[in-house]
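Reader: Hi! I'm new to reading protein structures, and I'd like a close look at one part of this one. Could you take me through the salt bridges and the residues that form them?

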Amino acid sequence: LAALIRRKTGIDFGNIVDLKPIARGRSGRLYKMQIKGTVCSVILGKELTIRDALSESHLYSSAFIVEKGPLSDGVPSTFTLIGAGWGHGVGMCQIGAAVMGTEGFTCDQILLHYYKGAQITKLY
């Protein structure tokens, strides 16, 4: 985890000792998170930055909680992110819509999945 975060952020935290949620939006997604290391501590202040820093490609969402594993010399042996959603929580998630498309859902089905109660009508 320390190597991944160092590569993604360019910051050497040392060993990671905590991933602490600081602020969440109304949707429950993190938009501020503190990464505490044995060398330094930094608050990441954007939802996409958080998602990028904690994954090789990207996390599907910043709607997650963090569970720390047992400590070894004051450093957690593992971090488990328990997710609760996809995307940014505002409207349609492009990644989720793309996956639905590859799984055979129609355009209308995808739109109605993201915009509950909407009606699709022809205007011309």
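Author: Happy to; we start with the whole chain and then move in on the salt bridges.

Please keep in mind that this is a predicted model. The chain has four helices and seven strands. Read from the N terminus, these elements follow the order α-β-β-β-α-β-β-β-β-α-α. The chain is more spread out than a compact globule, because its radius of gyration is 18 Å, well over the 14 Å that the globule rule gives for 124 residues. Along the principal axes, the C-alpha atoms fill a box of roughly 65 × 25 × 25 Å. Of the 124 residues, 29% are buried. The surface that the chain exposes comes to about 7,900 Å², and carbon and sulfur atoms supply 55% of that surface.

Now for the charges. The chain carries 14 positive and 9 negative charges, and the mean positions of these two groups lie 8 Å apart. The structure holds five salt bridges, and here we visit some of them, beginning with Lys8.

Lys8 sits in helix H1. Its partner in a salt bridge is Asp52, and the closest N and O atoms of the two are 3.0 Å apart. This pair links distant parts of the chain: Lys8 belongs to helix H1 (residues 2-9) and Asp52 to helix H2 (residues 47-53), with their positions 44 residues apart. Are these two partners buried or exposed? Each is in between: Asp52 is partly exposed at a relative accessible area of 31%, and Lys8 is partly exposed at 26%.

What else does Lys8 touch? Leaving out residues up to four places away in sequence, Lys8 touches Asp52, Ala53, Ser55, Glu56 and Ser57. For a sense of scale, you can also find Glu103, which is 95 residues from Lys8 along the chain; the C-alpha atoms of Lys8 and Glu103 are separated by 31 Å.

Next, look at the strands. Lys68 forms a salt bridge with Asp18, and the closest N and O atoms are 3.5 Å apart. Here too the pair links distant parts of the chain: Lys68 lies in strand E4 (residues 64-68) and Asp18 in strand E1 (residues 16-24), 50 residues apart. Lys68 counts as partly exposed at 45% relative accessibility, whereas Asp18 counts as buried at 16%. Buried means under 20% relative accessible area, which is why a value of 16% falls in that class.

Finally, return to helix H2, where Glu47 and Arg51 are four residues apart, so they are separated by about one helical turn. The side chains of Glu47 and Arg51 meet in a salt bridge, at 3.2 Å from N to O. Where do these two stand on the buried-or-exposed scale? Glu47 is buried, with a relative accessible area of 17%, and Arg51 is buried as well, at 7%.

If you would like one last look at the whole chain, consider its contacts. Among contacts with a separation of 6 or more, 39% are between residues 24 or more positions apart. The pairs Lys8 with Asp52 and Lys68 with Asp18 are good places to begin tracing links between distant parts of the chain.

Technical notes: Residues numbered from 1 in each chain as written. Predicted model: local features only at pLDDT ≥ 70, side-chain atom pairs only at ≥ 80, totals over all residues. Heavy atoms only, no water. Helix = DSSP H or I, 4+ residues; strand = E, 2+ residues; numbered from the N terminus. Rg over C-alpha atoms; globule rule 2.2 N^0.38 Å. Buried < 20%, exposed > 50% of the residue type's maximum accessible area, 1.4 Å probe, protein only. Contact = heavy atoms within 4.5 Å. Areas by Shrake-Rupley, 256 points an atom, 1.4 Å probe, with all protein chains shown as cover. Lys, Arg positive; Asp, Glu negative; His and termini not counted. Charge placed at Lys NZ, Arg CZ, Asp CG, Glu CD. Salt bridge = Lys/Arg side-chain N within 4 Å of Asp/Glu carboxyl O.
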